[in-house]
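Here is a short set of exercises to work through with the structure open beside you. Try each task before reading its solution.

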Amino acid sequence: YTAEVLALIGENGAGKSTLMKILGGIYQPDAGEIRFADKPVAIPNVKSSIELGIGFIHQELSVLDNLDIAGNMFLGREPTIGKWAKLIDHKKLYKMAAPYLQKLGLNLSPDAPIKELSIAQRQIVEIAKALSLNACILIMDEPTSSLTQSETHILFDIIRNLRSSGVSIIYISHRLNEIQTCADRVIGLRDGVNSGELTKDQITHDNMVRLMVGRNIKPAQRTQQRTKQGDSLKVERLKTKAWPNYELSFEAFSGEILGITGLVGSGRTEIACTLFGVDTAIDGNVYLMNKRIRLNSIADAIQNRIYLVPEDRRNTGLVVDMSVMENLTLPDLERHSHCGIIRRKSEIQAAQTQCSESNIKASTIYMHAKNLSGGNQQKIVLAKWLSLKPKVMLLDEPTRGIDIGSKEEIYKLLRTLSEKGIIVLLISSDMEEVMSVCDRVMVMHEGQISGILTQNECTEEKLMNLAVGKSV
């Protein structure tokens, strides 16, 4: 037995999550067998999966903020003292946790509160928890989706150390450049079927794309757009609540895609939240088409036809327990109602049209949004605003956690929007994305604009230097 990093790739809806849930004992297979150490095994429940040594690191971390590190690692397995009271033996608990943290290079005390940790540190705690369960196979689902570039490198070092110590990794990601960096082997899934395998020397971007979608993906072609005089979103001396000591001034024009990038916590999302009225600006002015507008609430933004596609689509972009149709028509119910009563026929027709135009793949418009793939969920969030004829679209990490095919569809849609004269602001931590999609890129560093580059000036080195506060 030789430990390895096996990457599992496929479009949203290809079957990756279903396969992982089978290995985790949540779903049962309809046919076939699972072999572990060359022996057929059954995984009827989660406990059986854990006993086999299978651990999971989910994209949405499941740590509890009200507990410390050790409490999260050994939740439900805490050592106790006392014959009757069964009190937690904290001294022993911290002693049990320390070696795992040390092995993963997390230089924090086991009694440190989880709520004070960064996303990357919380992820390491999740890995430590899995190792404390004697995991010999660790499944990582989009582990870098919320990490900075430096934090991603730290995770890769941890993965290499785990592999060296005999732990195998199943690495699920849509970031193909990361897979090229860390994977020993790649397995592709397409429509629930194994679509092929790549060995280490065969792992290239084009080979992985063909494995996932069965064809080469042609990137959306950029077309030169001439900005219209006066058609712009102009921000003057804006102060956000997160960075009250700094003023932001910039202009986004009709016919272009303005990218906003920077490291996590640099102030990118705060701009979007302020322009959409989620947060009220402390000071400054915003002009749309040369007219000063007020953005003290979300209602103000919607009235001015400024719409936001938020970073966390499941919690703030969708009502996941409502249907596809209900999500699509929710922002515009007035148009589909009469005397306060929803006209179902109008709602159905609108939802079917939007599904068709945005290529939303759902078996029926009545299925719950939570049962769709990430890419199709994101298309719903986009489509519900597009029906309201936007003037400005704010998109915060719109391609996070979605496959390359869906990404290209969204990129083409953004280009189409800009060609129609809609002002598009694309917030992204993916340097490759902003370089290939955006006409200009505004780089943020600690609440300030550290530079604005045209598409021809953009290089990864320049973007990274500006992101860490260096000049270019």
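**Exercise 1. A serine in its setting**

Where is the place of S428? Find it in the model, which is a predicted one, and then describe its surroundings.

Solution. Step one is to locate the residue: S428 sits in the loop between β20 and α16 (431–437). Step two is to ask about its exposure. The relative accessible area of S428 is 0%, and buried means under 20%, so S428 is buried. Step three is to list its contacts. With neighbours within four places in sequence left aside, S428 is in contact with I260, T261, G262, R268, E397, E433 and V434. As a last step, try a long distance: from S428 to D89 the C-alpha atoms are 45 Å apart, and the two residues are 339 apart in sequence.

**Exercise 2. Laying out a sheet**

In what order do the six strands of the open sheet run? Work out the order, then look at the edges and at the pairings inside.

Solution. Begin with the order, which is β16-β19-β20-β13-β21-β22, with mixed pairing. Next, look at the edges. β16 (306–309) and β22 each have a single partner strand, so one side of each is left without a neighbour in the sheet. From one strand to the next, the twist averages 20°.

Now take the pairings in turn. Strand β13 (residues 257–262) runs parallel to β21, joined by five bridges, and G262 stands opposite M444 in β21. β13 also pairs with strand β20 (residues 423–427) in the parallel sense, over four bridges; there, I257 has V424 as its bridge partner. The antiparallel case is β21 with strand β22 (residues 448–454), over six bridges, where V443 stands opposite G451.

Finish with the turn. β21 and β22 form a hairpin with two residues between them, and E446 in that turn has a positive phi of about 50°.

**Exercise 3. What lies around the strands**

Is strand β21 (residues 440–445) largely enclosed or open? Decide, then find two helices that lie across strands of the sheet.

Solution. First, check the burial along the strand: five of the six residues of β21 are buried, so the strand is largely enclosed by the rest of the structure. Second, turn to the helices. Helix α9 (residues 268–275) lies across β13, β16, β19 (392–396), β20 and β21, and runs at about 130° to β13. Helix α15 (residues 404–419) lies across β13, β19 and β20, at about 150° to β20.

**Exercise 4. Testing a helix**

What span should the 14 residues of helix α5 (residues 119–132) have at 1.5 Å a residue? Compare that with the model and then examine how the helix is covered.

Solution. The expected span is 1.5 Å times one less than the number of residues, which gives 20 Å for α5; the end C-alpha atoms are 20 Å apart, so the two agree. For the cover, count the buried residues: 11 of the 14 in α5, which makes the helix mostly covered. Among them are I124, V125, I127 and L131, along with R122 and E126. The elements that cover these buried residues include β4 (54–57), α3 (69–73), α4 (90–103), β7 (137–141) and α6. After α5 comes N134, with a positive phi near 60°.

**Exercise 5. Aromatic pairs**

How many aromatic pairs does a search of the whole structure find? Describe two of them.

Solution. The search finds four. One of them is F156 with Y171, a tilted pair at 6.5 Å centre to centre and 55° between the planes. This pair links distant parts of the chain, with F156 in helix α6 (residues 149–164) and Y171 in strand β8 (residues 168–172), 15 residues apart. F156 is buried at a relative accessible area of 5%, and Y171 is buried at 0%.

Another is W243 with Y246, tilted too, at 6.2 Å and 35°. Here W243 counts as partly exposed at 24% relative accessibility, and Y246 counts as partly exposed at 30%. To round off the exercise, look for the cluster in which ring pairs link F276, Y307 and W385.

Technical notes:
Residues are numbered from 1 along each chain as its sequence is written. This is a predicted model: local features need pLDDT of at least 70, side-chain atom pairs count only at pLDDT 80 or more; totals for chains, interfaces and linings use all residues. Side-chain values use heavy atoms; hydrogens and water are left out. Buried means under 20% relative accessible area, exposed over 50%, partly exposed in between (1.4 Å probe, protein chains only). Two strands pair if DSSP finds at least two bridges between them. Rings of Phe, Tyr and Trp (its six-membered ring) pair if their centres lie within 6.5 Å; planes under 30 degrees apart count as stacked, over 60 as edge-to-face and the rest as tilted. Contact means heavy atoms within 4.5 Å. Axes are lines fitted to C-alpha atoms, for helices over the stretch in contact, and angles run from 0 to 180 degrees between N-to-C directions.
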